[in-house]
Amino acid sequence: MAIRNLKIVTEDLRRKREKKLREKERKNRRIHKFGQMELKHAKRGKLSCYMAFCSAFLMMLIFSVSYISRGNVNIGIGFVGVIVLILSAMGMRWGYEGLKERNKKYITCKIGMGCNGLILLVFIMTFVRGLF
């Protein structure tokens with residue numbers, strides 16, 4: 001008798017667990033569009049945006065230091081400028097590689113590539129203007 005009651009109890013527990021799993025799965029389907037899984041942002045796209053932010057911050061720092069000192073800056077500012085160029089080039093590369101990741105959102109890759117390209121363009125224009 002006790003064994004039969006134990007079987008009934010375990011069967012009831014199994015049914016409750018299955019019902020709970022079905023409810024959880026049904027709830028997750030409602031959250032996402034048409035029952036599809038939620039897409040995450042590309043990791044390299046996030047890195048690209050982070051590189052764009054760091055490059056922009058350093059570039060603004062360089063420009064403000066140069067403005068405050070009226071153009072009389074030392075070689076350290078030049079090294080920081082080279083670092084900015086390297087960071088933005090790496091950000092462009094990471095953004096491009098992020099577009100190759102599958103089943104991801106690519107908006108961070110596009111934003112990062114655009115911002116890094118703009119930073120590269122501004123820095124190159126500043127360099128060319130300084131030559132003449």
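Which residues does Thr108 touch, not counting residues up to four places away in sequence?

**View 1. Thr108 and the residues it touches in the predicted model.** Thr108 belongs to helix H4, which covers residues 107-131. Leaving aside residues up to four places away in sequence, Thr108 touches His41, Ala42, Gly45, Lys46 and Cys49. The relative accessibility of Thr108 is 13%, and because buried means under 20%, Thr108 counts as buried.

**View 2. A nonpolar patch on the surface.** Met60, Phe63, Leu118, Leu121, Val122 and Met125 form this patch, and together these residues have about 560 Å² of accessible area. Two helices, H2 (43-68) and H4, each supply at least two residues of the patch, while the largest share, four residues, comes from H4.

**View 3. Val122, one of the residues of the nonpolar patch.** Like the helix named in the earlier views, the element to look for here is H4, in which Val122 lies. Val122 has a relative accessibility of 31%, and it therefore counts as partly exposed, a class that lies between buried, under 20%, and exposed, over 50%.

**View 4. The whole chain as the setting for the close-ups.** The chain has four helices and two strands, which follow one another from the N terminus in the order α-β-α-α-β-α. Of the 132 residues in the chain, 20% are buried, and the accessible surface comes to about 10,900 Å², with 65% of that surface belonging to carbon and sulfur atoms. When contacts between residues at least 6 apart in sequence are considered, 79% of them join residues at least 24 apart.

Technical notes: Residues are numbered from 1 along each chain as its sequence is written. This is a predicted model: local features need pLDDT of at least 70, side-chain atom pairs count only at pLDDT 80 or more; totals for chains, interfaces and linings use all residues. Side-chain values use heavy atoms; hydrogens and water are left out. Buried means under 20% relative accessible area, exposed over 50%, partly exposed in between (1.4 Å probe, protein chains only). Contact means heavy atoms within 4.5 Å. Accessible areas come from the Shrake-Rupley method with a 1.4 Å probe; for residues, only the protein chains shown count as cover. Patches are made of residues with over 30% relative accessible area and no salt bridge: like charges are joined within 9 Å, nonpolar side chains (Val, Leu, Ile, Met, Phe, Trp, Tyr) within 5 Å. A salt bridge is a side-chain nitrogen of Lys or Arg within 4 Å of a carboxyl oxygen of Asp or Glu.
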